[in-house]
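Trainee: Before we look at anything in detail, could you walk me through how to read a model of this kind?

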Amino acid sequence: MLDQIPTAFLFFAAALALPVLPRGAVRGALLLALPLVAALQAWSLPVGTYAQVEFFGFTLDLMRVDKLSRVFALIFCLAAFLGNLYAWHVRDTVQQIAALIYAGAAIGAVFAGDLITLFFYWEGTAIGSVFLIWARRTTASYHTGMRYLIIQVGSGVLLLAGAAILYRETGSLAFELMTLGSLGTWLIFLSFGIKSAFPLLHNWLQDSYPAATVTGTVVLSTFTTKLAIYALARGFAGTEILIYIGVVMTLFPIFMAEIENDLRRVLAYSLNNQLGFMVVGIGVGTELAINGAVSHAFAHILYKSLLFMSVGAVLYRTGTSKASELGGLYRTMPRTAILCIIGAASISAFPLFSAFVTKSLTVSAVAEENYPIIWLLLIFASAGVLSHSGIKIPYFTFFAHDSGLRPKEAPTHMQLAMAITAALSIFIGVYPYPLYALLPYPVEYVPYTMAHVMEQMLLLSFALLAFGVLMRTGIHPPEIRAVNLDTDWTYRWLMPRVLDRVSVVMARIWTANVALLERWMNGIWRRLYHSHGPEGRIAQVWPTGSMVLWIAVLLGITLVVSFAS
Amino acid sequence: MAEKPKDDPARYPPLGRALMWVDKPGSANKLFWGLAIISGLLFVGDFTYSKYGKMDVGNIPGFYGVYGFVMFTLLILVAKALRVLIRRPEGFYGDKAIDTEAYPEDQLERIDNDA
């Protein structure tokens, strides 16, 4: 029975039922139980296609279960559970429904077997998620949400256009591996690229995530971008251009994150950097690399949620997430500090923490396929991760200078959500084999070798040492209240001003044209008036006299013509 | 205006008090030199076993340490230079940006540790 109900529909049904339930424990219980039931369904369904429906002559596959879709569905369910636990205190119905629709749409999308179903869920994630930004209920969040929505819906429109063209070319709407070449595949690729935050298409991420609510950002950090990673892994595995796009993604955010003051935006840049590792893995496309991308997405969802949760807890207690205003919070928020450090160690890929056993699959695949420059850049990006997420987030929030803030420790449910997430990050790092068993291909990789542990420890310890030297010498940039320009400058600053200028110029041209026309018409009018007005030459002759004169002229001409012929 | 609560370490959570050693004079030095010693030991240790990685440069003993130190430093220096170019005042995008907007107080639960 349960196998014929698409997993997404469970979330949508809960979203419909939620408003009639009393706020508090009952709603909270539903929000926690539902992802677990959904995970059970995703786990227990055998590989195959379920819930096919007819739609305008097309057969839609609502539930295509295979190893790739299942692992993403499972981590999405787990993240939904953790996000809802973290948001236990929230009594805002809008946020609760939005989180359910968003998670449901993302899970529906990973199970979609065709491009039409994918499109509907793709847009569903856009619409569900924007309410997590608008739920902040401020002018700025409204404007940020609008920018976010335009870009996300635009991505869906590109997907639909690409699917239509592809259907015309191939006669199929199946969501399978594609080869870049036709306009259709390029549009679909671009659509996935927007949600994956490709370089130059990325800035919606850093613009919108810090604008969401405390709990909304945690939920946002999980779904949209990882859905796009899934879509790339499904549709464009082995597309070489992704290697180069991905490596740029790993690099530029580490510079931006280093000088960013808002810690939730730092984490958004960090998220972008981590997506880069996954995109590189998908671009390499070997079994090892795809396993690397997928396992890294799985681990990343956990540790990134943990980092957003810890910064969110600080925001919840202090009212700010700006590094320049924080510092020294370990005194009264020590558990949050330690859980944040676990998240930082996980993302930095310290041995015994999750990224150590996942990111290395991708880096090894890059080495196996002999991309030495890409390999060197990925190692550099790994040191960069340590810089902004491993050091900056915990150090400038909980240590560094004493801000004088003495907030109470995070609420118990937030601590519990963070503790479970941290425990999972450590468990994956210590014993990765259950995760490896979930991956699309068999894993022969052994993460704990002497060389791998030593190399990673050397990289991280010397990078930490460099940080120490730079701090002691005063070279390390201080945290200051400022914003940094990114590509959103083009549509938030430049474009409005260009449009303003253009409208001013257009208005001037219009005014000049109207004035010219008016002058011209006046001239004609004046001349007509001069000749035909009461004082004009024509008016001097009465119309009857004028008519007789002209008849005489005509008769004269007729006579001349008759005589001549 | 409410009087600022008195900062009494005795009222910090026990874990917070235990972590206070990081702020004691000399602790930062100890941490730094401890890290330097660990890094040195790891560097020396990297010469004690054979490597068979696919990338030749990665098989050079100590490569990851030197590369990590140099690239981390380079990253910070470049980021610092980049800041000069792209830094703008917080209110650069006007009053419709979150950068200057206070987080809505009704969505927070600010409680002081002493409360």
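The dialogue below takes up confidence, a helix, a hairpin, a single residue, and the contacts between domains and chains.

Mentor: This is a predicted model, in which local features need pLDDT of at least 70 and side-chain atom pairs count only at pLDDT 80 or more, while totals for chains, interfaces and linings use all residues. Residues are numbered from 1 along each chain as its sequence is written, and chains are lettered from A and ligands numbered from 1 in the order in which they are written.

Trainee: What pLDDT does chain B average?

Mentor: pLDDT is the predictor's confidence in each residue, from 0 to 100, and where it is low the predicted coordinates should not be read in detail. Chain B averages 92, with 95% of the residues scoring at least 70, and the model scores ipTM 0.94 and pTM 0.92.

Trainee: What span should helix H7 of chain A have, at 1.5 Å a residue?

Mentor: Helices (H or I, at least four residues) and strands (E, at least two) are DSSP runs, numbered from the N terminus, and the expected span of a helix is 1.5 Å times one less than its number of residues. For the 14 residues of H7(A), residues 183-196, that gives 20 Å, and the end C-alpha atoms are 20 Å apart, which agrees. After H7(A) comes A:Ala197, whose phi is positive, near 65°.

Trainee: How many residues of H7(A) are buried, and what covers them?

Mentor: A residue is buried if 20 or more other C-beta atoms lie within 10 Å of its own, exposed if 12 or fewer, and partly exposed in between, with C-beta atoms placed from the backbone. In H7(A), 11 of the 14 residues are buried, so this helix is largely enclosed by the rest of the structure; among them are A:Leu187, A:Ile188 and A:Phe192. Contact means that the C-beta atoms of two residues, placed from the backbone, lie within 7 Å, and what covers the buried residues includes helices H6 (139-170), H10 (223-235) and H12 (263-284) of chain A.

Trainee: Does the opposite case occur, and where is strand E1 of chain A, largely in the open or enclosed?

Mentor: Of the eight residues of E1(A), 48-55, the number buried is zero, so this strand lies largely in the open. Two strands pair if DSSP finds at least two bridges between them, and E1(A) pairs with E2(A), residues 58-65, in the antiparallel sense over seven bridges. A:Gln52 stands opposite A:Asp61, and the two strands form a hairpin with two residues between them, where A:Phe56 in the turn has a positive phi of about 50°.

Trainee: Which residues are in contact with A:Ala313, beyond its sequence neighbours?

Mentor: A:Ala313, found in helix H13 (287-318) of chain A, is buried, with 27 other C-beta atoms within 10 Å. Leaving aside neighbours within four places in sequence, A:Ala313 is in contact with A:Thr336, A:Ala410 and A:Met414; the last is 101 residues away in sequence, yet 7.3 Å away in space, C-alpha to C-alpha.

Trainee: How many residues does each chain give to the contact between A and B?

Mentor: Chain B gives 63 residues and chain A gives 68, and on the side of chain B helix H3 (63-86) gives the most, with 16 residues. Two bridges also join strand E3 (483-484) of chain A to E1(B), the strands running antiparallel, and A:Asn484 stands opposite B:Arg87.
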